[in-house]
Amino acid sequence: MAQNVGNKNAEAMFHLVDAVERINFPGNEAEQIATDGDSYIKTVAKRFFKNKVAVVSLVIFIILVLTAVFANQLAPHPRDVSVGRFQAAPYDNFYLGTDDIGRDVLSRLIHGTQVSMIVGLGSVLVYVVIGTTLGLISGYFGGVVDSVIMRITEAFMSFPFFMVILTLVTLLGSGLWVVTAVLGFLSWPTLCRLVRGQVLTLKKQDFVLAAVATGYSTPGILFIHILPNVLSPILVNATFGIATAILTEASLSFLGVGVQRPRPSWGNILSEAQSLRVLAYEPWRWVPAGILIFVAVLAINFIGDGLRQAIEGENKA
(Lines give C-alpha, C1' and ligand atoms only; values in the text may rest on other atoms or scores of the structure.)
Protein backbone atom coordinates (compact mmCIF):
# COMPACT_ATOMS: atom_id res chain seq x y z
CA MET A 1 0.00 0.00 0.00
CA ALA A 2 2.77 2.41 0.97
CA GLN A 3 4.63 1.55 -2.22
CA ASN A 4 1.53 2.26 -4.33
CA VAL A 5 1.04 5.60 -2.59
CA GLY A 6 4.69 6.44 -3.18
CA ASN A 7 4.42 5.56 -6.84
CA LYS A 8 1.33 7.72 -7.22
CA ASN A 9 3.03 10.66 -5.50
CA ALA A 10 6.06 10.28 -7.77
CA GLU A 11 3.81 10.15 -10.82
CA ALA A 12 1.93 13.24 -9.64
CA MET A 13 5.22 15.08 -9.10
CA PHE A 14 6.34 14.12 -12.60
CA HIS A 15 3.13 15.56 -14.04
CA LEU A 16 3.53 18.69 -11.92
CA VAL A 17 7.00 19.28 -13.37
CA ASP A 18 5.52 18.69 -16.81
CA ALA A 19 2.87 21.29 -16.01
CA VAL A 20 5.51 23.91 -15.26
CA GLU A 21 7.19 23.14 -18.57
CA ARG A 22 3.88 23.47 -20.40
CA ILE A 23 3.23 26.86 -18.84
CA ASN A 24 6.66 28.11 -19.86
CA PHE A 25 6.61 26.44 -23.27
CA PRO A 26 2.98 25.94 -24.39
CA GLY A 27 1.91 24.34 -27.63
CA ASN A 28 3.55 21.87 -29.96
CA GLU A 29 6.62 24.08 -30.44
CA ALA A 30 7.73 23.64 -26.81
CA GLU A 31 10.60 21.26 -27.45
CA GLN A 32 11.95 23.33 -30.34
CA ILE A 33 11.83 26.51 -28.28
CA ALA A 34 13.57 24.80 -25.37
CA THR A 35 16.25 23.49 -27.72
CA ASP A 36 16.86 27.00 -29.05
CA GLY A 37 17.34 28.28 -25.51
CA ASP A 38 14.56 30.89 -25.74
CA SER A 39 11.45 31.17 -23.59
CA TYR A 40 8.05 31.20 -25.24
CA ILE A 41 7.56 34.91 -24.50
CA LYS A 42 10.98 35.76 -25.93
CA THR A 43 10.24 33.76 -29.07
CA VAL A 44 6.89 35.52 -29.59
CA ALA A 45 8.58 38.89 -29.04
CA LYS A 46 11.21 38.09 -31.69
CA ARG A 47 8.51 37.17 -34.19
CA PHE A 48 6.54 40.31 -33.36
CA PHE A 49 9.50 42.67 -33.80
CA LYS A 50 10.22 41.19 -37.21
CA ASN A 51 6.88 42.62 -38.34
CA LYS A 52 7.85 46.20 -39.22
CA VAL A 53 4.26 47.40 -39.61
CA ALA A 54 3.34 46.08 -36.16
CA VAL A 55 6.42 47.69 -34.59
CA VAL A 56 5.66 51.09 -36.14
CA SER A 57 2.06 50.72 -34.97
CA LEU A 58 3.26 49.91 -31.46
CA VAL A 59 5.40 53.07 -31.45
CA ILE A 60 2.37 55.12 -32.55
CA PHE A 61 0.22 53.59 -29.81
CA ILE A 62 2.87 54.29 -27.16
CA ILE A 63 3.04 57.92 -28.34
CA LEU A 64 -0.74 58.18 -28.02
CA VAL A 65 -0.66 56.72 -24.51
CA LEU A 66 2.11 59.10 -23.44
CA THR A 67 0.19 61.99 -24.97
CA ALA A 68 -2.83 60.99 -22.89
CA VAL A 69 -0.78 60.71 -19.69
CA PHE A 70 0.96 64.07 -20.15
CA ALA A 71 -1.91 65.92 -21.84
CA ASN A 72 -1.84 68.82 -19.39
CA GLN A 73 1.88 69.35 -19.96
CA LEU A 74 1.78 68.94 -23.76
CA ALA A 75 -1.26 71.11 -24.52
CA PRO A 76 -0.06 74.61 -25.51
CA HIS A 77 -3.24 76.26 -24.16
CA PRO A 78 -5.98 75.49 -21.61
CA ARG A 79 -8.52 73.14 -23.15
CA ASP A 80 -11.73 75.01 -22.22
CA VAL A 81 -10.64 78.66 -22.27
CA SER A 82 -11.08 81.12 -25.13
CA VAL A 83 -7.53 82.16 -25.90
CA GLY A 84 -7.61 83.25 -29.55
CA ARG A 85 -9.73 84.65 -32.35
CA PHE A 86 -13.03 82.94 -33.06
CA GLN A 87 -13.10 80.37 -35.89
CA ALA A 88 -9.56 81.28 -36.92
CA ALA A 89 -7.46 79.25 -39.31
CA PRO A 90 -3.99 78.19 -38.04
CA TYR A 91 -1.89 81.22 -37.08
CA ASP A 92 0.94 82.13 -34.68
CA ASN A 93 1.07 79.47 -31.91
CA PHE A 94 -2.41 78.17 -32.74
CA TYR A 95 -1.11 75.42 -34.99
CA LEU A 96 -4.52 73.94 -35.80
CA GLY A 97 -6.54 77.12 -35.46
CA THR A 98 -9.41 77.80 -33.07
CA ASP A 99 -13.04 76.76 -32.77
CA ASP A 100 -16.21 78.87 -32.72
CA ILE A 101 -15.48 80.34 -29.27
CA GLY A 102 -11.73 80.79 -29.62
CA ARG A 103 -10.49 77.56 -27.98
CA ASP A 104 -7.26 76.05 -29.32
CA VAL A 105 -8.08 73.01 -31.49
CA LEU A 106 -4.70 71.33 -30.94
CA SER A 107 -5.05 71.52 -27.15
CA ARG A 108 -8.51 69.99 -27.33
CA LEU A 109 -7.27 67.19 -29.59
CA ILE A 110 -4.52 66.36 -27.09
CA HIS A 111 -7.04 66.17 -24.27
CA GLY A 112 -9.33 64.16 -26.56
CA THR A 113 -6.54 61.58 -26.81
CA GLN A 114 -6.79 61.19 -23.04
CA VAL A 115 -10.50 60.39 -23.32
CA SER A 116 -9.99 57.82 -26.08
CA MET A 117 -7.22 56.01 -24.19
CA ILE A 118 -9.21 55.92 -20.95
CA VAL A 119 -12.28 54.52 -22.71
CA GLY A 120 -10.26 52.05 -24.80
CA LEU A 121 -8.04 50.68 -22.04
CA GLY A 122 -10.61 50.99 -19.23
CA SER A 123 -13.46 49.21 -21.01
CA VAL A 124 -11.12 46.42 -22.17
CA LEU A 125 -9.87 45.92 -18.61
CA VAL A 126 -13.48 45.53 -17.41
CA TYR A 127 -14.54 43.05 -20.08
CA VAL A 128 -11.31 41.02 -19.90
CA VAL A 129 -11.84 40.46 -16.16
CA ILE A 130 -15.51 39.49 -16.64
CA GLY A 131 -15.08 37.43 -19.81
CA THR A 132 -11.97 35.58 -18.62
CA THR A 133 -13.45 34.72 -15.23
CA LEU A 134 -16.76 33.48 -16.63
CA GLY A 135 -15.00 31.60 -19.43
CA LEU A 136 -12.71 29.79 -16.97
CA ILE A 137 -15.63 28.84 -14.71
CA SER A 138 -17.86 27.75 -17.58
CA GLY A 139 -15.24 25.61 -19.30
CA TYR A 140 -13.86 24.02 -16.16
CA PHE A 141 -17.07 23.08 -14.33
CA GLY A 142 -19.24 22.25 -17.35
CA GLY A 143 -22.72 20.85 -16.80
CA VAL A 144 -25.38 23.17 -15.41
CA VAL A 145 -22.87 25.96 -14.68
CA ASP A 146 -21.67 25.90 -18.27
CA SER A 147 -25.24 25.87 -19.64
CA VAL A 148 -26.34 28.83 -17.51
CA ILE A 149 -23.30 30.95 -18.39
CA MET A 150 -23.60 30.12 -22.10
CA ARG A 151 -27.31 31.00 -22.16
CA ILE A 152 -26.53 34.36 -20.53
CA THR A 153 -23.73 34.88 -23.06
CA GLU A 154 -26.05 34.10 -25.98
CA ALA A 155 -28.66 36.48 -24.58
CA PHE A 156 -26.09 39.29 -24.48
CA MET A 157 -24.92 38.51 -28.01
CA SER A 158 -28.46 38.43 -29.40
CA PHE A 159 -29.02 42.15 -28.83
CA PRO A 160 -27.79 44.75 -31.36
CA PHE A 161 -24.59 45.90 -29.70
CA PHE A 162 -24.54 49.57 -30.66
CA MET A 163 -28.26 50.13 -30.10
CA VAL A 164 -28.08 48.68 -26.58
CA ILE A 165 -25.08 50.87 -25.75
CA LEU A 166 -26.84 53.90 -27.19
CA THR A 167 -29.93 53.21 -25.09
CA LEU A 168 -28.04 52.55 -21.85
CA VAL A 169 -25.84 55.63 -22.20
CA THR A 170 -28.94 57.73 -22.85
CA LEU A 171 -30.71 56.32 -19.77
CA LEU A 172 -27.73 56.32 -17.39
CA GLY A 173 -26.41 59.69 -18.48
CA SER A 174 -23.57 60.68 -20.75
CA GLY A 175 -20.04 60.90 -19.48
CA LEU A 176 -16.59 59.39 -19.68
CA TRP A 177 -16.96 56.81 -16.93
CA VAL A 178 -20.50 55.82 -17.92
CA VAL A 179 -19.39 55.12 -21.50
CA THR A 180 -16.35 53.17 -20.25
CA ALA A 181 -18.41 51.05 -17.85
CA VAL A 182 -21.19 50.32 -20.35
CA LEU A 183 -18.72 49.29 -23.06
CA GLY A 184 -16.90 47.05 -20.60
CA PHE A 185 -20.01 45.33 -19.25
CA LEU A 186 -21.42 44.62 -22.72
CA SER A 187 -18.28 43.46 -24.54
CA TRP A 188 -17.33 40.31 -22.58
CA PRO A 189 -19.39 37.53 -24.32
CA THR A 190 -17.02 36.93 -27.25
CA LEU A 191 -13.99 36.63 -24.96
CA CYS A 192 -15.95 34.38 -22.59
CA ARG A 193 -16.71 31.92 -25.39
CA LEU A 194 -13.11 32.04 -26.58
CA VAL A 195 -11.69 31.27 -23.11
CA ARG A 196 -14.29 28.55 -22.50
CA GLY A 197 -13.26 26.75 -25.68
CA GLN A 198 -9.60 26.79 -24.63
CA VAL A 199 -10.40 25.55 -21.11
CA LEU A 200 -12.50 22.65 -22.41
CA THR A 201 -9.35 21.32 -24.06
CA LEU A 202 -6.85 22.23 -21.36
CA LYS A 203 -8.75 20.71 -18.43
CA LYS A 204 -8.15 17.23 -19.91
CA GLN A 205 -4.39 17.74 -20.08
CA ASP A 206 -2.07 15.89 -17.72
CA PHE A 207 -0.78 19.00 -15.96
CA VAL A 208 -4.31 19.97 -14.89
CA LEU A 209 -5.12 16.43 -13.76
CA ALA A 210 -1.86 16.41 -11.77
CA ALA A 211 -2.79 19.68 -10.09
CA VAL A 212 -6.15 18.19 -9.08
CA ALA A 213 -4.45 15.04 -7.79
CA THR A 214 -2.00 17.01 -5.64
CA GLY A 215 -4.83 18.90 -3.95
CA TYR A 216 -4.72 22.34 -5.55
CA SER A 217 -7.79 24.45 -4.86
CA THR A 218 -10.14 25.19 -7.75
CA PRO A 219 -9.13 28.90 -7.93
CA GLY A 220 -5.48 27.81 -7.92
CA ILE A 221 -6.06 25.40 -10.80
CA LEU A 222 -8.00 28.00 -12.79
CA PHE A 223 -5.76 31.02 -12.29
CA ILE A 224 -2.32 29.45 -11.76
CA HIS A 225 -2.35 26.43 -14.08
CA ILE A 226 -4.98 27.07 -16.76
CA LEU A 227 -5.02 30.87 -17.13
CA PRO A 228 -1.34 31.22 -18.24
CA ASN A 229 -2.09 28.89 -21.14
CA VAL A 230 -4.96 31.03 -22.46
CA LEU A 231 -3.27 34.43 -22.10
CA SER A 232 -2.25 34.57 -25.76
CA PRO A 233 -5.77 34.62 -27.27
CA ILE A 234 -6.93 36.93 -24.46
CA LEU A 235 -4.17 39.41 -25.31
CA VAL A 236 -5.00 39.40 -29.02
CA ASN A 237 -8.72 39.81 -28.34
CA ALA A 238 -8.07 42.66 -25.91
CA THR A 239 -5.92 44.49 -28.46
CA PHE A 240 -8.69 44.48 -31.06
CA GLY A 241 -11.14 45.43 -28.28
CA ILE A 242 -9.28 48.69 -27.64
CA ALA A 243 -9.78 49.74 -31.26
CA THR A 244 -13.47 48.82 -31.13
CA ALA A 245 -13.97 50.79 -27.91
CA ILE A 246 -12.29 53.90 -29.35
CA LEU A 247 -14.49 53.76 -32.45
CA THR A 248 -17.65 53.20 -30.41
CA GLU A 249 -16.90 56.10 -28.07
CA ALA A 250 -16.21 58.38 -31.05
CA SER A 251 -19.51 57.33 -32.62
CA LEU A 252 -21.46 57.97 -29.41
CA SER A 253 -19.82 61.35 -28.90
CA PHE A 254 -20.43 62.27 -32.54
CA LEU A 255 -24.14 61.56 -31.98
CA GLY A 256 -24.13 63.67 -28.82
CA VAL A 257 -24.68 60.89 -26.25
CA GLY A 258 -21.06 60.09 -25.38
CA VAL A 259 -18.55 62.36 -23.69
CA GLN A 260 -20.16 65.77 -23.40
CA ARG A 261 -18.75 69.22 -24.01
CA PRO A 262 -16.89 71.12 -22.71
CA ARG A 263 -14.74 68.00 -22.19
CA PRO A 264 -13.26 67.26 -25.60
CA SER A 265 -13.14 63.87 -27.27
CA TRP A 266 -12.25 63.01 -30.84
CA GLY A 267 -15.90 62.18 -31.48
CA ASN A 268 -17.46 65.42 -30.25
CA ILE A 269 -14.73 67.45 -32.01
CA LEU A 270 -15.55 65.59 -35.22
CA SER A 271 -19.26 66.30 -34.70
CA GLU A 272 -18.60 69.97 -35.52
CA ALA A 273 -18.47 68.83 -39.15
CA GLN A 274 -22.26 68.41 -38.97
CA SER A 275 -22.37 72.09 -39.82
CA LEU A 276 -22.12 72.57 -43.58
CA ARG A 277 -20.11 75.76 -43.09
CA VAL A 278 -17.51 73.98 -40.92
CA LEU A 279 -17.45 70.99 -43.25
CA ALA A 280 -16.77 73.11 -46.31
CA TYR A 281 -14.77 76.10 -45.08
CA GLU A 282 -13.16 75.20 -41.72
CA PRO A 283 -11.46 71.81 -42.22
CA TRP A 284 -8.94 72.46 -39.41
CA ARG A 285 -11.77 71.96 -36.91
CA TRP A 286 -12.64 68.37 -37.89
CA VAL A 287 -10.07 66.83 -40.25
CA PRO A 288 -7.35 66.35 -37.55
CA ALA A 289 -9.81 64.51 -35.29
CA GLY A 290 -10.80 62.21 -38.15
CA ILE A 291 -7.16 61.51 -38.95
CA LEU A 292 -6.38 60.69 -35.31
CA ILE A 293 -9.28 58.23 -35.07
CA PHE A 294 -8.19 56.58 -38.33
CA VAL A 295 -4.51 56.33 -37.32
CA ALA A 296 -5.22 55.11 -33.78
CA VAL A 297 -7.65 52.38 -34.82
CA LEU A 298 -5.47 51.26 -37.74
CA ALA A 299 -2.34 51.11 -35.55
CA ILE A 300 -4.08 49.09 -32.83
CA ASN A 301 -5.47 46.65 -35.40
CA PHE A 302 -1.98 46.18 -36.87
CA ILE A 303 -0.64 45.49 -33.36
CA GLY A 304 -3.34 42.88 -32.82
CA ASP A 305 -2.62 41.26 -36.17
CA GLY A 306 1.11 41.25 -35.42
CA LEU A 307 0.51 39.59 -32.06
CA ARG A 308 -1.74 36.96 -33.62
CA GLN A 309 0.85 36.12 -36.27
CA ALA A 310 3.67 36.01 -33.72
CA ILE A 311 1.73 33.70 -31.42
CA GLU A 312 0.69 31.39 -34.25
CA GLY A 313 4.17 31.42 -35.75
CA GLU A 314 2.90 32.71 -39.09
CA ASN A 315 4.88 35.95 -39.26
CA LYS A 316 6.55 35.97 -42.67
CA ALA A 317 7.92 39.51 -42.46
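## Exercises on a predicted helical model

Helix 13 supplies the largest share of the lining of the second largest pocket, namely six residues. The model is a predicted one, and the exercises below begin with this pocket.

**Exercise 1.** Determine the volume of the second largest pocket and describe its lining by position and by class.

*Solution.*
1. The volume of the second largest pocket is about 400 Å³.
2. Its lining consists of 20 residues, of which F161, L186, S187, P189 and T190 are the closest to the centre.
3. Two or more lining residues come from each of helix 6, helix 7, helix 8 (161-172), helix 9 (176-186), helix 10 (189-202) and helix 13.
4. Sorted by class, the lining has 13 nonpolar and seven polar residues, and no charged ones.

**Exercise 2.** State how many cavities of 30 Å³ or more the structure holds, and characterise the largest cavity.

*Solution.*
1. The structure holds one cavity of 30 Å³ or more.
2. The space in the largest cavity comes to about 50 Å³.
3. The residues that line the largest cavity are D99, V105, R108, I269, E272 and R285.
4. By class, this lining contains four charged residues, two nonpolar residues and no polar residue.

**Exercise 3.** Describe the overall composition of the chain in terms of secondary structure, burial, contacts and exposed surface.

*Solution.*
1. The chain has 16 helices and zero strands.
2. It comprises 317 residues, and 44% of them count as buried.
3. Among contacts in the chain with a separation of 6 or more, 68% are between residues 24 or more positions apart.
4. The chain exposes about 16200 Å², and carbon and sulfur atoms supply 66% of that area.

**Exercise 4.** Identify the residues of the largest nonpolar core that touch the most other members, and the helix that gives the most to this core.

*Solution.*
1. The largest nonpolar core has 50 residues; those touching the most other members are V128, L136, Y140, I226, I234, I246 and W266.
2. Helix 16 (residues 287-312) gives the most to this core, with nine residues.
3. For I246, once neighbours within four places in sequence are left aside, the contacts are S116, M117, G120, W266, V297 and I300.
4. Another core, of 14 residues, lies apart from the largest one; V119, L176, V179 and L252 are among its members.
5. As a general background to such an analysis, nonpolar side chains tend to be buried together in soluble globular proteins.

**Exercise 5.** Locate D146 and D92, and decide for each whether the residue is buried or exposed.

*Solution.*
1. D146 is placed in helix 7 (residues 143-158).
2. Its relative accessible area is 11%. The cut-off for burial is under 20%, so a residue with such a value is classed as buried.
3. Apart from neighbours within four places in sequence, D146 is in contact with S138 and R196.
4. D92 is found in the loop between helix 5 (71-74) and helix 6 (105-141).
5. The relative accessibility of D92 is 67%. The cut-off for exposure is over 50%, and D92 therefore counts as exposed.
6. The backbone of D92 has phi near 45 degrees, a positive value in a residue other than glycine.

**Exercise 6.** Which residues does a cis peptide bond join, and where is P262 placed?

*Solution.*
1. The cis peptide bond joins R261 and P262, with omega about 15 degrees.
2. P262 is in the loop between helix 13 (231-254) and helix 14 (266-270).

Note on methods:
Residues numbered from 1 in each chain as written. Predicted model: local features only at pLDDT ≥ 70, side-chain atom pairs only at ≥ 80, totals over all residues. Heavy atoms only, no water. Helix = DSSP H or I, 4+ residues; strand = E, 2+ residues; numbered from the N terminus. Buried < 20%, exposed > 50% of the residue type's maximum accessible area, 1.4 Å probe, protein only. Contact = heavy atoms within 4.5 Å. Areas by Shrake-Rupley, 256 points an atom, 1.4 Å probe, with all protein chains shown as cover. 1 Å grid on protein atoms, 1.4 Å probe; cavity = no way out; pocket = protein on both sides within 12 Å on 5 of 7 lines; lining within 4 Å. Points joined across faces, edges and corners; volume = space filled by probe spheres on them. Nonpolar A, V, L, I, M, F, W, Y, C, P; charged D, E, K, R; others polar. Core = buried A, V, L, I, M, F, W, Y, C linked by side-chain atoms within 4.5 Å.
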